[in-house]
Amino acid sequence: MKLRPLVIALALLAPAVAAVPAAEAADGGYSATIRRTEYGIPHITAEDYGDLGFGYGYAFAQDNLCTLASWVVTLRGERSRYFGPEAESDDPVRPVANLASDVYYKSVADSGVVRRLLARPAPIGPGDELRRLVDGYVAGYNRYLADTGVANLPDPTCRGKAWVGPITAGDMWHNLLDLSRMLSSSPLKEAVTGIAGPEDAGPPEDRPPQPKPAAGSNAWALGRQATRGGGGMVLADPHFPWQGIRRFYQVQLTIPGVLDVSGGSLYGTPVVQIGHNARVAWTHTVSHAQRFTVYRLALADGHSYTVDGRAEPMGEQEVEVTLPDGTVSAHTLLTSRYGPVLAVGHTDEAAYALADANAANLRAADEWLAMARAGSVDELRAAQRTYQGMPFVHTLATDAGGTAYFADTSVVPHVGDAEAKRCAKPSPVPGLDAYVLDGATSACLWGRDGDAVVPGIFGPGSQPKLVRADYVANSNNTYWMTNPDKPLTGYPKAYGETGTDLEPRPRVGLDMIAQRLSGADGLGAPGFTLETLQATVHGKRNLTFELMRDDLLKMCRTDSWADVREACRTLGKWDGRATLDGEGAVLWREFFARLGRPMWRVPFDPARPLTTPRGLKNDPAVRQALADAVLFFRSNRIPLTLTPGQAQSYSSIPIPGCTEGEGCFDRVRMRGPLGADGRYPEVDTGSSFMMAVELTPGGPRARTVLTYSLSANPASPHHTDQTALFSRGGWVTERFTAAEIAADPRLRTVTVRGGVDAGK
């Protein structure tokens with residue numbers, strides 16, 4: 001492994017201060033009730049936020065202690081010590097060598113950014129309720145660990161391991177900060193550290209940064225004009241990783257008369273990110289707005305650069321990482337006024353610095369907590385205006401009155417279109433997905449909106465938003481086609497382009513809504529009910545096949561296609577749905593992938609975004625792509641009728657669905673191609689926490705499914721039980737009210753108590 005100095009800087013908000021003491025429970029101890037219903041789903045009830053956090057931390061540790069314990073080792077920069085510097089980290093989004101991970105996270109911890117944020121009042125620093133939740137969560141986790149003992153943990157993954165121990169509130173604050181950085185600084189560890197894994201060839205400056213993984217989520221907020229009952233409905237279908245710390249945990253959190261929220265909560269966080277209460281439901285999709293910019297630094301010498309004609313020295317930070325033999329790997333980190341100076345693109349004349357708008361963002365958790373208490377869409381919007389902490393997601397929400405709401409309230413650096421053009425510099429390397437601006441002049445600093453809670457980001461008045469009575473929808477497309485009847489335009493390009501190709505998955509989602517509203521989908525009278533929403537979502541349509549099928553089969557009838565006639569017959573019989581038994585679904589995928597690029601007969605027309613592109617171009621490359629796919633199948637004795645149920649799985653359970661590029665609402669991803677055995681590597685991304693909820697005068701009606709199940713522990717009865725349910729298209733009927741919970745014949749109830757333990 002070739003080591004290079006890490007060059008990094010972090011946005012700092014205030015002078016260093018002493019650690020803030022943990023908030024204590026009023027009586028010096030914690031108490032909470034945990035009721036578990038079918039599939040092990042926990043419902044936590046407590047009298048205050050500290051007790052609620054305690055119950056949640058205890059329940060979570062019962063199911064997933066090993067995953068969080070491993071991630072705490074990561075956040076502390078200690079993976080090299082326990083697992084070796086060259087082994088791959090446990091980052092589920094962008095794994096890197098442990099040494100690169102450790103240097104990055106050590107630098108974050110040593111910078112004191114979290115300590116400084118904790119010294120600030122809300123909304124910049126955490127609110128009192130959130131602080132108590134975090135402290136309670138830590139105490140609950142630690143109490144379970146003390147009660148059970150490392151040597152007796154039920155999960156063999158970490159049972160008896162030296163790296164398992166108590167966690168601190170600081171660990172959890174760093175986890176929340178890293179969540180905010182998940183699609184900005186965090187995936188660029190190699191670019192900022194210059195440390196690459198042994199499989200990478202060449203110096204870091206010769207390797208482009210890895211692009212962030214294709215984000216995938218579907219979200220609909222249906223208003224009173226779209227639903228049969230006249231209330232609001234939400235479809236939540238986030239596509240987060242199926243392994244590691246960014247999985248969702250299903251939970252209900254209740255403080256009587258204060259908070260009652262149910263939904264999906266990312267591992268190691270004490271709040272619900274996607275969910276509902278009695279009157280409001282919301283979800284998120286990843287936005288492709290800018291999260292950071294890169295500044296080109298004009299070097300004065302090796303350790304200084306010029307701004308407005310004057311030299312500024314780079315700062316230095318020393319980071320030490322402990323190795324398995326007890327020795328230390330030392331790294332010098334250099335900083336600029338903008339942020340970390342990257343290890344890529346460096347020349348004698350220039351270097352490049354990373355400016356991350358989420359570098360000091362702990363506001364998101366307070367925002368989710370405030371959203372969970374909202375009684376209407378208006379109150380949810382007020383929570384978002386107060387905290388302005390959504391790190392990288394759109395928000396879609398509705399309420400019992402049937403108001404549908406969309407906004408990109410995510411944190412976006414304030415770079416207007418004119419500034420982006422005036423300050424533009426070439427990218428240092430191909431693939432760096434950010435604005436590159438001139439760092440030699442202060443005229444290219446981020447701007448400031450008067451309504452922004454922190455300087456340098458766009459405020460609420462600049463953000464794309466839409467309120468409707470029918471619906472809003474997003475599948476990771478930009479904001480402009482949130483509702484085709486009201487295209488959104490005129491916002492800064494930092495939020496994304498308008499008038500561009502929707503991509504097949506967002507397009508099929510909008511078509512699914514249109515067909516349901518017209519009743520053309522065969523599911524009965526127009527308009528959504530909870531049952532037709534569930535049926536619509538599980539349709540398994542493959543849009544590229546629908547758009548290209550007729551042209552392909554027409555070509556198949558020509559003499560030149562004689563050698564692929566069997567494949568043509570298979571595709572001609574397939575119904576175009578990626579069900580477990582869809583004979584032709586995998587053949588289509590392999591053919592489509594070999595096209596290299598969609599060969600549309602009718603190109604995209606921005607005036608017709610819902611009907612173009614379409615058709616399949618009559619081109620020799622099309623027949624060749626199908627012939628190549630057939631050759632692969634025949635060479636490996638794989639039947640052309642191979643189905644998704646035979647080819648793709650998770651924990652040996654067959655998984656339906658198809659891939660992003662094919663235009664599948666039911667998106668799955670496997671890390672690798674189809675093998676000679678007719679199987680893909682295990683599914684690692686796709687629908688994760690699915691929720692269909694209807695808000696009625698009598699309370700919420702919800703159906704959910706946690707696709708990878710509640711527990712990462714392979715010995716748990718809840719390790720794959722919901723996965724099997726998801727495989728066969730089933731849903732869990734949510735139990736939200738006390739009466740619904742009490743009526744579950746599988747109900748298990750326990751009261752947990754413990755002292756204050758939220759060490760720093």
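Does tyrosine 491 count as buried, exposed or partly exposed, and what is its relative accessibility? In this predicted model, tyrosine 491 has a relative accessibility of 22% and counts as partly exposed. That residue returns below, together with its ring partner; a look at the whole protein comes first.

The overall picture is a good place for a newcomer to start. The secondary structure of the protein comprises 19 helices and 29 strands. Its radius of gyration is 26 Å, close to the 27 Å expected from the globule rule for 760 residues, so the protein is as compact as a globular protein of that length. Along the principal axes, the C-alpha atoms occupy a box of roughly 75 × 70 × 55 Å. Of the 760 residues, 62% are buried. The surface that the protein exposes comes to about 26,800 Å², and carbon and sulfur atoms supply 51% of that area. The contacts tell a story of their own: among those between residues at least 6 apart in sequence, 69% join residues at least 24 apart.

Disulfides come next. The structure holds four of them, and with bonded cysteines counted along the chain, they follow the pattern 1-2, 3-4, 5-6, 7-8. One of these links is formed by cysteine 423 and cysteine 444, whose sulfur atoms are 2.0 Å apart. Cysteine 423 is found in the loop between helix 10 (417-422) and strand 17 (435-438), while cysteine 444 is in the loop between strand 17 and strand 18 (465-468), so this pair ties together parts that are 21 residues apart in sequence. The link is left-handed, with -90 degrees about the S-S bond, and both of its cysteines, cysteine 423 and cysteine 444, are buried.

Another disulfide joins cysteine 556 to cysteine 568, with an S to S distance of 2.0 Å. Here the two ends sit in helices: cysteine 556 belongs to helix 13 (residues 543-556) and cysteine 568 to helix 14, so the pair ties together parts that are twelve residues apart in sequence. The torsion about the S-S bond of cysteine 556 and cysteine 568 is about -75 degrees, so this disulfide is left-handed. Cysteine 556 and cysteine 568 are both buried. Also among the disulfides is the one between cysteine 658 and cysteine 664, with an S to S distance of 1.7 Å. Its torsion about the S-S bond is about -100 degrees, so the link of cysteine 658 and cysteine 664 is left-handed. Burial applies to cysteine 658 and to cysteine 664.

Helix 14 deserves a second visit. This helix spans residues 565-573 and includes threonine 570. Why does threonine 570 count as buried? Its relative accessible area is 9%, and buried means under 20%. Beyond its neighbours within four places in sequence, threonine 570 is in contact with Glu583, Gly584, Leu587, Leu640 and Thr641.

The aromatic side chains offer further detail. A pair of aromatic rings is described by the distance of the centres and the angle of the planes. A search of the whole structure finds 25 aromatic pairs. In one of them, the ring centres of phenylalanine 83 and tryptophan 163 are 5.5 Å apart and the planes meet at 65 degrees, so the pair is edge-to-face. Phenylalanine 83 is part of helix 2 (residues 79-83), and tryptophan 163 is in the loop between helix 5 (128-148) and helix 6 (169-180), so the pair ties together parts that are 80 residues apart in sequence. Phenylalanine 83 is partly exposed, at a relative accessible area of 30%, whereas tryptophan 163 is buried, at 14%.

The pair of tyrosine 479 and tyrosine 491 has ring centres 5.4 Å apart and planes at 85 degrees, so this pair is edge-to-face. Both tyrosine 479 and tyrosine 491 lie in the loop between strand 19 (471-474) and helix 11 (504-518), twelve residues apart. Tyrosine 479 is buried, with a relative accessible area of 1%, while tyrosine 491, as noted at the start, is partly exposed. Elsewhere, ring pairs link Tyr56, Phe60, Tyr137, Tyr249 and Tyr267 into a cluster.

Rings also meet charged groups. The charged end of lysine 189 sits over the ring of tyrosine 104, at 5.3 Å from the ring centre. Likewise, the charged end of arginine 337 sits over the ring of tyrosine 338, at 6.0 Å from the ring centre.

How values were computed:
Residues are numbered from 1 along each chain as its sequence is written. Side-chain values use heavy atoms; hydrogens and water are left out. Helices (H or I, at least four residues) and strands (E, at least two) are DSSP runs, numbered from the N terminus. Buried means under 20% relative accessible area, exposed over 50%, partly exposed in between (1.4 Å probe, protein chains only). Contact means heavy atoms within 4.5 Å. A disulfide is a pair of cysteine sulfur atoms within 2.5 Å. Rings of Phe, Tyr and Trp (its six-membered ring) pair if their centres lie within 6.5 Å; planes under 30 degrees apart count as stacked, over 60 as edge-to-face and the rest as tilted. A charge sits over a ring if NZ of Lys or CZ of Arg is within 6 Å of the ring centre and within 35 degrees of the ring normal. The radius of gyration is taken over C-alpha atoms; the globule rule is 2.2 Å times the number of residues to the power 0.38. Accessible areas come from the Shrake-Rupley method with a 1.4 Å probe; for residues, only the protein chains shown count as cover.
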